[in-house]
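Trainee: Could we go through this model together, one question at a time?

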Amino acid sequence: MSRSAKATAFALLAGVALVAATPQGHAQQIATQATTKTSSKLGLGRPALPEEIKAWDTDVRPDGKGLPPGKGTVKQGDALFQERCASCHGEFGEGAGRWPVLAGGAGTLKADRPDKTIGSFWPDLSTAFDYIKRAMPYGNARSLTDDDVYALTAYLLSMNDIVKDENFELSDKNFTSIKMPNAAAFYDDDRETAEKQFWKKDPCMKDCRAAPKVTGRAISVDVTPDSKAGPKVD
């Protein structure tokens with residue numbers, strides 16, 4: 001691949017990465033600027049259309065941003081799960097064979113072999129919703145409707161005893177009201193304040209430590225044999 005072709009590929013990939021990692025709206029602005037700059041510089045491609053960016057910018061965040069309109073009940077999710085998911089994850093989320101376990105594990109996180117399931121470990125419900133929407137079912141990703149994803153997520157909540165009523169309906173309206181059992185065990189990275197006392201404005205880059213002091217040598221403590229000692233080797 002020529003240098004210019006590599007540069008083009010890298011620039012286009014960078015544009016896609018920016019879309020995936022940046023909040024909605026702002027992502028579209030940055031991606032458009034990036035592709036416009038690339039197009040004008042290399043004479044290739046065109047700015048991404050809003051609908052093209054929207055197709056990639058589908059992440060759902062813990063605060064509910066990115067949630068599509070929709071709804072689904074535990075009961076509906078149960079039927080979907082048995083049809084589309086149970087062959088891998090088991091009828092009750094126990095995992096078939098070596099496929100992931102989805103339910104149980106409460107109180108095991110401090111055990112030698114903790115069960116890190118959606119109910120016992122995951123801090124945000126949006127993680128489950130986003131992953132199901134993007135990647136499930138295995139081998140047929142993105143085949144579920146938004147209502148299907150809401151229903152399956154509701155069923156996972158029921159499976160983990162987070163909701164009790166099989167008629168409970170999860171939607172974009174009440175999604176953020178669900179609090180996961182292990183949410184409090186996760187916290188934002190606070191090193192900027194918690195470790196500020198260890199930071200130095202002008203870090204030492206040379207001769208930062210005193211020279212090491214030699215306190216003994218192997219030959220003086222009789223652990224290094226002389227050249228005449230030791231068995232002969234044929």
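Mentor: Gladly! Buried means under 20% relative accessible area, exposed over 50% and partly exposed in between, with a 1.4 Å probe and protein chains only. Helices (H or I, at least four residues) and strands (E, at least two) are DSSP runs, numbered from the N terminus. This is a predicted model, where local features need pLDDT of at least 70, side-chain atom pairs count only at pLDDT 80 or more, and totals for chains, interfaces and linings use all residues. Residues are numbered from 1 along each chain as its sequence is written, and side-chain values use heavy atoms, leaving out hydrogens and water.

Trainee: How many residues of α7 are buried?

Mentor: Helix α7 has 14 residues. Among its buried residues are D148, Y150 and M159. The helix is mostly covered, and the buried count is twelve.

Trainee: Which elements do the buried residues of α6 pack against?

Mentor: Contact here means heavy atoms within 4.5 Å. In α6 (residues 125-135), the buried residues are L125, S126, A128, F129, D130 and I132. They pack against α7 (146-159) and β2 (169-171).

Trainee: Which residue just after α7 takes a positive phi?

Mentor: The cover of α7's buried residues includes β1 (71-73), α4 (74-84), α6 and β2. Just past the helix, phi is positive, about 60°, and the residue is D161.

Trainee: By class, how many residues lining the largest pocket are nonpolar?

Mentor: Ala, Val, Leu, Ile, Met, Phe, Trp, Tyr, Cys and Pro count as nonpolar, Asp, Glu, Lys and Arg as charged, and the others, Gly among them, as polar. The lining has three polar and two charged residues, and the nonpolar count is 17.

Terms used:
Expected span 1.5 Å × (residues − 1).
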